[in-house]
Amino acid sequence: MEPKLSNHATPLEIVACGKRMQRALKKKGLDVETWVVFDAERKVDEHPRHYREAIQKAQAAGFKVANSSPCFEYWILLHFDNTANVSEPEKAEAELRRAGRTPGYEKPGLPYETLWQIAKSDGPLMAAQARRDDHASMGNNPRYARPVTYVDELIQRIRTVAAAH
């Protein structure tokens with residue numbers, strides 16, 4: 001596993017970075033499973049940031065996509081409130097700052113140890129899947145719904161790989 005931070009700001013740039021990394025690793029003879037992680041941000045920014053297009057291009061390239069909408073903070077929020085329903089990043093960040101969660105939260109600081117202890121309970125993973133199921137039952141494509149996250153799938157994959165070693 002080789003996490004790679006991208007200096008690129010848009011989902012399409014992150015996908016392009018993933019493609020470059022995948023090619024470089026394949027040249028070294030490594031068969032890799034590539035994941036990209038990005039978020040939608042504000043609803044009005046989805047189209048200009050090519051959020052949906054990036055998901056489609058990543059999937060077409062065979063990548064796994066751990067997208068979140070409206071933001072990665074939604075995934076974090078599910079650690080504290082498994083019924084969280086936020087549609088804009090500012091609301092998710094405000095909810096994280098509430099007492100008993102992550103008071104004083106500011107990007108990119110996260111209480112990783114606390115989150116890890118909560119995540120071990122599977123609560124956030126089940127909440128993320130339940131939200132996707134809710135969107136699907138309403139006839140929406142969960143991949144593009146709001147709020148939604150697929151970070152749980154990445155976490156589950158990491159657990160599976162770690163357990164195998």
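**View 1. Strands S1 and S2 run side by side in the parallel sense, joined over 5 bridges.** Welcome to a predicted model, in which local features need pLDDT of at least 70, side-chain atom pairs count only at pLDDT 80 or more, and totals for chains, interfaces and linings use all residues. Residues are numbered from 1 along each chain as its sequence is written, and side-chain values use heavy atoms, with hydrogens and water left out. Strands (E, at least two residues) and helices (H or I, at least four) are DSSP runs, numbered from the N terminus. Two strands are said to pair if DSSP finds at least two bridges between them. To find your way along this pair, start at Val36, whose bridge partner in S2 is Val65. Val37 then stands opposite Ala66 of S2.

**View 2. Three strands make up an open sheet in the order S1-S2-S3, with mixed pairing.** S1 and S3 stand at the edges, each with a single partner strand, so one side of each has no neighbour in the sheet. On the S3 side, S2 and S3 run antiparallel and are joined by 2 bridges. Here Ser68 has Thr149 of S3 as its bridge partner. S2 itself is mostly covered, as 5 of its 6 residues are buried. Throughout these legends, buried means under 20% relative accessible area, exposed means over 50%, and partly exposed lies in between (1.4 Å probe, protein chains only).

**View 3. Helix H8 spans residues 151–164 and has the length its residue count calls for.** At 1.5 Å a residue, its 14 residues should span 20 Å, and the end C-alpha atoms are indeed 20 Å apart. The expected span here is 1.5 Å times one less than the number of residues. Look next for the buried residues of H8, which are Val151, Asp152, Leu154 and Ile155. They cover an arc of only 160° around the axis, which puts them on the same side of H8. That arc is taken from the directions that lead from the helix axis to the C-beta atoms. The face turned away from this buried side carries the exposed residues Ala163 and Ala164.

**View 4. Strands and helices both take part in covering the buried residues of H8.** The strands in this cover include S1 (35–39), S2 (64–69) and S3 (148–149). Helices H4 (72–77) and H7 (123–137) are also among the covering elements. Contact means heavy atoms within 4.5 Å. H7 is also the helix in which Pro124 is found. Pro124 is buried, with a relative accessible area of 1%. Its C-alpha atom is separated by 7.4 Å from that of Asp152, although the two residues are 28 apart along the chain.

**View 5. Two cis peptide bonds can be visited here, one from Ser69 to Pro70 and one from Arg146 to Pro147.** Most peptide bonds are trans. For Ser69 and Pro70, omega is about 15°, and Pro70 lies in the loop between S2 and H4. For Arg146 and Pro147, omega is near -5°. Pro147 has its place in the loop between H7 and S3.

**View 6. Glu41 and His50 each have a positive phi without being glycine.** Most residues other than glycine have a negative phi. Glu41 has a phi near 70° and sits in the loop between S1 and helix H2 (43–46). With 19% relative accessibility, Glu41 counts as buried. His50 has a phi of about 60° and is found in the loop between H2 and helix H3 (51–60). At 35% relative accessibility, His50 counts as partly exposed.

**View 7. Ala94 belongs to helix H5, which covers residues 89–96.** Ala94 is partly exposed, with a relative accessible area of 37%. A good landmark for this view is Tyr105, which is 11 residues from Ala94 in sequence and 8.5 Å from Ala94 in space, C-alpha to C-alpha.

**View 8. Cys17 and Cys71 are both buried cysteines.** The relative accessible area is 9% for Cys17 and 0% for Cys71. If you are looking for disulfides, the structure holds 0 of them. A disulfide here is a pair of cysteine sulfur atoms within 2.5 Å.
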